[in-house]
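Reader: I'd like to learn how to read backbone oddities in a model. Could you walk me through some?

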Amino acid sequence: MKAGTKEAVRRIIGQQDADRVFEAYLERSRAGMHRHMMRKAKGHTRAVAAFDGVHEGRATAAYYAAASYLGRMDEAEGLALLRELALLQVVEVGHPQRGGFRWYREETEIDDTNAAFFILMPLAALALSAPEAIPAAHDAELRRMFGAAIDWFAHECAHPKLFYPNKTVSDGALLLALSTLVRDEEGLAGAARYFVRWLDYTERRGWGWGENTSTGYGKVMLDAFQLALLAWDGREPELAGQLRARRDELLELARFHGGREYVPSIRGYNFEGQIMKPSLTNLYAGVRCWELEVTGHIEGFVLSLLLYEALLPQAEPDEPIMSADPTRLLPAAAQLPVPRTRRVRIFDDVYACTWIGANGRLGTVSRFPAMPGSYHWPTWGLGWQSMPVSWLAEDGQLSFLRLRATQDGRERTHPADGYHGAYLSPGLLAGDGLPEPETACVQRGPVAIVHRSIAHLAHSVSELADEWLIPRYAGAVRQVPARLKTAWTETAIPTHAVPRSIETEGGAWTVLDFPRCCVAVLGLSYIACGEERAQLTAIETTRQEDGALRLTRHWYRGEARLHRQHRVDHAWVVVMLDDRPDPAELAARLERIEVSDRRTTDGELPRSDPFMLREIAVRESGEEALLLRIDPYDACGHRYCGS
């Protein structure tokens, strides 16, 4: 370990504690080793999903890099590990996937194509940053893997999936790093061409489908940026500068969130609703040094030592900075204003908006899915792993909006209840010809309007609902009268019937009490399954056995039946109150909020009831209205207006 890195470890963990922590990790890893590969209880790909145990390449490579860098890898054992990793690689000349890797020993072909960069990332980082840690006897095995992998990454970068940011930038970084290590000039030129293209795409269109709002995949992209910068080492200064700027965007977003989970999040996987989850991004961003982030994932921390030395804390502390308290920020962490708001571009005109108060946070994605074709398919999709609308209550939990469907006795939710089942069956409904869920939002500060719709429904279900899930909720649920005006136009036959206008007033906020704040939720009109006309009924409140609370709008519940419908929809208004007012004060504050929900025809297009223009406005005393307009005929299903 380099002297500078030893100093960083001493500043972060403390030397004695570091020795103990590293040795404990190595002992656990050796105990988990079977036939020179790390064994896991469960694999994620379809081929191995039913297996009782699997041997994983990614964890094996991470262990090899960590143990080698720490000087604790037996030379013979290390060579055996590398040879087992090499068996995961496709090496046949002329094979269309030459250079790629299987994720598990038990697989017979490549399933998850990200295996190549996840396996090679720690090996390339070790070879670039600390080549002295690699025994000479290992060099030939590594170079064989690296050389073959250049074919894989060159192909991936020549035909990049620019919309898939963590994969594509990792492919580019590995092509650059491996070509640097084996002095492949063609690979270096290909990597430069790739990054020119990716940087142009990101400047014009944004971050693809939105992984910049994910703490997990943001970290994967940061690793890729750091590996690329390490490989360039002063070469390609213009490209390196642009890549560094993109890296800094992700670090700045982590600073803005201050160690909390992101609201909203695409591909966030926070199914349990935790307000803080371990991510070493917080250390790189200078936010905190949480023990669980460092010692809970030692191989990730060692990768950090290889890639991020310049970003690790430099100041000499009075004592090691690592803390068991995740709320303890580093002394150098920026003191950010409260409240604060941030809009982050995702893709084209789609943005993530976050409001952070002293006691609560609210976040929305202006349109989800952020790009067409990404919500769900029979084998992949973002709907099950994303939380485009969510709030966070300090000393409480992260709560989120989700869709729920029951089909053939099986309940599915988006976001899902967990990872493994949903990964292999990611659709909201089973079968082909999946419907098209869409979310449109507008947010200003702690107030948001959320519109939800599902188009092209042609499935048999016994339940279909849109609902808020509030995990581990023990507080009260109160109803407070709302100033809601609802108006809709009914047209039986668009071509010659006379539209009939209907207006109604009334409704109720559902108010939830959290330890330090309150949230008020208002359900608006909806078009249900089997119905053409809008209606307004009360939101259902259900406490689950696991302690979660559901606020539900049912589009359908009853006997299983086939529904064929162009469109169902619903809308919500959410207000985060950053304190705990008494009942009278709460009622007075909500009384100052006026909500109108209008569905009208324009005479310019034939519109039946499900295709009426919809305009939802929220007005607070003395403020300009927050406005969301929806046109179901728009190309992406909706149009939004406001900020």
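Author: Here is a short tour of cis peptide bonds and positive phi angles in this chain. Keep in mind that the model is predicted.

Reader: Fine. Which peptide bond before Pro-264 is cis, and where does Pro-264 sit?

Author: Look at omega. The bond running from Val-263 to Pro-264 is cis, and its omega is near 0°. As for its place, Pro-264 belongs to the loop between helix 10 (237-257) and helix 11 (281-284).

Reader: And what joins His-414 and Pro-415?

Author: A cis peptide bond, with omega about 0°. Pro-415 is found in the loop that lies between strand 10 (410-414) and helix 14 (420-424).

Reader: Now phi, please. What is the phi of Asp-233?

Author: Asp-233 is not a glycine, yet its phi is positive, about 45°. You'll find Asp-233 in the loop between helix 9 (215-232) and helix 10.

Reader: Is Asp-233 buried or exposed?

Author: Exposed, because its relative accessibility is 67% and the cut-off for exposed is over 50%.

Reader: What about Glu-236: what is its phi, and where does it lie?

Author: Glu-236 has a phi near 50°, which is positive, and this residue is something other than glycine. Glu-236 also lies in the loop between helix 9 and helix 10.

Reader: Why does Glu-236 count as partly exposed?

Author: Because its relative accessible area is 37%, and partly exposed covers the range between under 20% for buried and over 50% for exposed.

Technical notes:
Residues are numbered from 1 along each chain as its sequence is written. This is a predicted model: local features need pLDDT of at least 70, side-chain atom pairs count only at pLDDT 80 or more; totals for chains, interfaces and linings use all residues. Side-chain values use heavy atoms; hydrogens and water are left out. Helices (H or I, at least four residues) and strands (E, at least two) are DSSP runs, numbered from the N terminus. Buried means under 20% relative accessible area, exposed over 50%, partly exposed in between (1.4 Å probe, protein chains only).
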